[in-house]
Amino acid sequence: MAFLRGWIYRPAQERPTTSGLVVLTNDRWNQTMLRVGVVPVRTAVAPFDIPYSVALPGGTHVVASRLVAPHVEGGLLGLVEGALDATTLAAVEDRLCAFLQIPELLRPAPRPAPPLGDATRYAAWSEVYRAGPEVDGERKRRIVVSPNLWNAVSGMATFVRTTTSFARHGDEFPQVQGGAARACCGDATTFELRAVLLPRRDRPVPHSTTLHDMVAIARGLAVTHGLEAAVRRAGTSLH
């Protein structure tokens, strides 16, 4: 079954503060890929998530800063609960676009937010870490795409996974690190810091990416998560 963008699905397993999951990756992605990008509908919102949240009737909120990419066969998404109306979906798109700093990165002179305080204490934007669950005893290489202020105060960070496979191409899989790898933008996922290897000795080489790479990733995220209209509303363009 293909999951549909803008629809709200019930979590297959009960979660204390999550009442639903909104699919945001575009329908072409959802029909062909093994993971879909979702954000939660929550009954409680942390202070650092408020700028990226949209209120729904009944007191719940869509929290665009908690992006995850569950496997379509992983059992996380349950039955359909409903769908966001066009106005609410547009508001969620705008919040996610702001969270990922896409308008700032797609300007003629990109202006991402600078590091905040001691950047060794959190996962810093544009830096490369081993993060997420271990697979065959090793964590995947991932690039941070969430803003430094949020990373520093939340104890989390949002990442895109990198791959050295060139089976996929296009804006959704931009080349990074001098062409040595591609970023899997549709797999953008938020992890708590306990799932991130922060010490420099544990990090892959190179430790960071270029601004050019981050602009390409921002463009890829806009495509995979259907943020083209949000980019236009912010006064910028994908090209």
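Gln101 counts as buried because its relative accessibility is 6%. The model is a predicted one. Gln101 lies in the loop that runs between helix α2 (86–99) and helix α3 (102–105). The backbone of Gln101 has a positive phi of about 60°, although Gln101 is not a glycine. A second case is Gln177, which has a positive phi of about 55° and is not a glycine either. Gln177 sits in the loop between strands β10 (175–176) and β11 (181–192). For background, most residues other than glycine have a negative phi, and most peptide bonds are trans.

**The chain as a whole**

The protein chain holds 6 helices and 12 strands. Along the principal axes, the C-alpha atoms of the chain fill a box of roughly 45 × 40 × 40 Å. The radius of gyration of the chain is 17 Å, which agrees with the value near 18 Å for a compact globule of 239 residues. Buried residues make up 53% of the 239 residues. Among contacts in the chain with a separation of 6 or more, 61% are between residues 24 or more positions apart.

The chain exposes about 11200 Å², and carbon and sulfur atoms supply 53% of that area. On the charge side, there are 26 positive and 21 negative side chains. The centres of these two sets lie 3 Å apart.

**The loop between β12 and α5**

Several of the residues described here belong to the loop between β12 and α5. Pro199 is found in this loop, which follows strand β12 (196–197). Pro199 has 33% relative accessibility and therefore counts as partly exposed. Pro199 and Thr120 are 79 residues apart in sequence, yet their C-alpha atoms are 7.6 Å apart in space.

Pro206 is also in the loop between β12 and α5. The peptide bond from Val205 to Pro206 is cis, with omega near 0°.

Ser208 lies in that loop as well. At 33% relative accessibility, Ser208 counts as partly exposed. From C-alpha to C-alpha, Ser208 is 13 Å from Leu198, and the two are 10 residues apart in sequence. Setting aside residues up to four places away in sequence, Ser208 touches Ser126, Glu127 and Val128.

**Glu127 and its partners**

Glu127 is found in the loop between α3 and β7 (128–135). Its relative accessibility is 18%, so Glu127 counts as buried; the cut-off for that class is under 20%. The side chain of Glu127 makes a polar contact of 2.6 Å with the side chain of Arg203. Not counting residues up to four places away in sequence, Glu127 touches Arg142, Ile143, Val144, Arg203, His207 and Ser208. The touch between Glu127 and Ser208 thus appears in the contacts of Glu127 and in those of Ser208.

**Thr224 and Glu228**

Thr224 lies in helix α5, which spans residues 211–224. Thr224 counts as buried because its relative accessibility is 0%. A polar contact of 2.8 Å joins the side chain of Thr224 to the side chain of His225. Beyond its neighbours within four places in sequence, Thr224 is in contact with Leu24, Thr25, Asn26, Trp29, Glu172, Cys185 and Gly186.

Glu228 lies in helix α6, residues 228–233. At 30% relative accessibility, Glu228 counts as partly exposed. Its contacts, leaving aside neighbours within four places in sequence, are with Ala222, Val223 and Leu238. Glu228 and Ala109 are 119 residues apart along the chain, and 19 Å separates their C-alpha atoms.

**Accessibility of the residues described**

| Residue | Relative accessibility | Class |
|---|---|---|
| Thr224 | 0% | buried |
| Gln101 | 6% | buried |
| Glu127 | 18% | buried |
| Glu228 | 30% | partly exposed |
| Pro199 | 33% | partly exposed |
| Ser208 | 33% | partly exposed |

Terms used
Residues numbered from 1 in each chain as written. Predicted model: local features only at pLDDT ≥ 70, side-chain atom pairs only at ≥ 80, totals over all residues. Heavy atoms only, no water. Helix = DSSP H or I, 4+ residues; strand = E, 2+ residues; numbered from the N terminus. Buried < 20%, exposed > 50% of the residue type's maximum accessible area, 1.4 Å probe, protein only. Polar contact = N/O pair within 3.5 Å; in protein donor to acceptor, adjacent residues only side chain to side chain. Contact = heavy atoms within 4.5 Å. Rg over C-alpha atoms; globule rule 2.2 N^0.38 Å. Areas by Shrake-Rupley, 256 points an atom, 1.4 Å probe, with all protein chains shown as cover. Lys, Arg positive; Asp, Glu negative; His and termini not counted. Charge placed at Lys NZ, Arg CZ, Asp CG, Glu CD.
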